[in-house]
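Me: I would like to go through this structure slowly and ask, for each term used about it, what the reasoning behind the term is.

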Amino acid sequence: MIKNDPIGAAINDYLQGKKNGSITVSSNLTEDDIIPVDYLFRQEEEMPELETIALQECRGHVLDVGAGAGCHSLLLQEHGLQVTALDISEGAVEAMQKRGVENVQLADVLTLKDQKYDTLLMLMNGIGIVGDLFGLYRFLVHAKTILNPGGQILLESSDILYMYEQEDGSVLLDLNAGYYGEVEYNMRYKTHESGRFKWLFIDASLLEQYAEEHGFTMEVLYEGENGNYLAKLTLQE
């Protein structure tokens, strides 16, 4: 297995019985975050309300973008939907095939051609893969080429403005540093390290602007306590 696949390595270790692993996520914004690997294998009853709502909203042929260990794809499959699980991690793709996900693809969503879907599902802050605001623009242009007329994007993101709040309640932003939701990450698991990559957290009002500019209507389906939300972008016919 390639050396820079922390997610894939962690998932496959879990399948081999090493249940107590964790992935360390570092960023340029806050202290390290620890993701227990078993969280990637959660069952339906363990999923947060946001994810449950998103799964209920899925229709037609679903593309699960960044499917990881396949917990969402497996549920959709069980509920009778046609689903394609997509990931750039070789290890994740291998693990999903072992777990019984019927249609798994190793690819970057931006490289997909000659494929059409009714729903693009992007959970666990999944829209973050676009990296930055220019990446969001590029993604929305591409999404229209792989969505059927009236197709939808179900995505989770967060407004992280609260992370810049000072003790007096004011917000301190570096106006020369670009949009405050553009973050850099690095992920580590044992000897595997992703290397630094960009990740986007976008507030709902800015997302709506981008969506409307690209021919989508937007509806917020759920708002969490920590600024996270579930949005539905519907491609206008």
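**What covers the first helix**

Reply: The buried residues of α1 are covered by parts of the chain that include β1 (22-27), α4 (90-99), β8 (182-189) and β9 (192-193). Please keep in mind that this is a predicted model.

Me: What makes helix α1 "mostly covered"?

Reply: Helix α1 runs over residues 6-15, and eight of its 10 residues are buried. Those buried residues are Pro6, Gly8, Ala9, Ala10, Ile11, Asn12, Asp13 and Tyr14. Just after α1 comes glycine 17, whose phi is positive, at about 100 degrees.

Me: Why is isoleucine 23 called buried or exposed?

Reply: Isoleucine 23, which is found in strand β1, has a relative accessibility of 0%; since buried means under 20%, isoleucine 23 counts as buried. Leaving out residues up to four places away in sequence, isoleucine 23 touches Ile7, Ala10, Asp33, Ile34, Ile35, Val37, Leu40, Met187, Arg188 and Tyr189.

Me: How do you know which word, buried or exposed, fits aspartate 132?

Reply: Aspartate 132 lies in the loop between β6 (117-122) and α5, and its relative accessible area is 16%. The cut-off for buried is under 20%, and therefore aspartate 132 is buried. Its contacts, not counting neighbours within four places in sequence, are Glu182, Lys198 and Leu200.

Me: What makes the phi of aspartate 114 and of asparagine 125 worth a remark?

Reply: Most residues other than glycine have a negative phi. Aspartate 114, however, has a positive phi near 55 degrees, and asparagine 125, which is not a glycine either, has a positive phi of about 55 degrees. Aspartate 114 sits in the loop between β5 (104-106) and β6, while asparagine 125 sits in the loop between β6 and α5.

Me: And why are aspartate 114 and asparagine 125 given the words exposed and buried, and which word goes with which residue?

Reply: Exposed means over 50% and buried means under 20%. Aspartate 114, at 84% relative accessibility, therefore counts as exposed, whereas asparagine 125, with a relative accessible area of 17%, is buried.

**The core and the whole chain**

Me: Which residues touch the most other members of the largest nonpolar core?

Reply: They are Phe139, Ile153 and Leu233, in a core of 54 residues. Helix α5 (residues 133-146) gives the most to this core, with six residues. Phenylalanine 139, leaving aside its neighbours within four places in sequence, is in contact with Val109, Leu110, Leu120, Met122, Ile127, Val130 and Ile153. Apart from this core lies another, of 15 residues, among them Met47, Cys58, Cys71 and Leu154. As a general background, nonpolar side chains in soluble globular proteins tend to be buried together.

Me: How do you know how compact the chain is?

Reply: The chain has six helices and 12 strands. Its radius of gyration is 18 Å, which is close to the 18 Å that the globule rule gives for 237 residues, so the chain is as compact as a globular protein of that length. Along its principal axes the C-alpha trace spans about 50 × 45 × 35 Å, and buried residues make up 51% of the 237 residues.

Note on methods. Residues numbered from 1 in each chain as written. Predicted model: local features only at pLDDT ≥ 70, side-chain atom pairs only at ≥ 80, totals over all residues. Heavy atoms only, no water. Core = buried A, V, L, I, M, F, W, Y, C linked by side-chain atoms within 4.5 Å. Buried < 20%, exposed > 50% of the residue type's maximum accessible area, 1.4 Å probe, protein only. Helix = DSSP H or I, 4+ residues; strand = E, 2+ residues; numbered from the N terminus. Contact = heavy atoms within 4.5 Å. Rg over C-alpha atoms; globule rule 2.2 N^0.38 Å.
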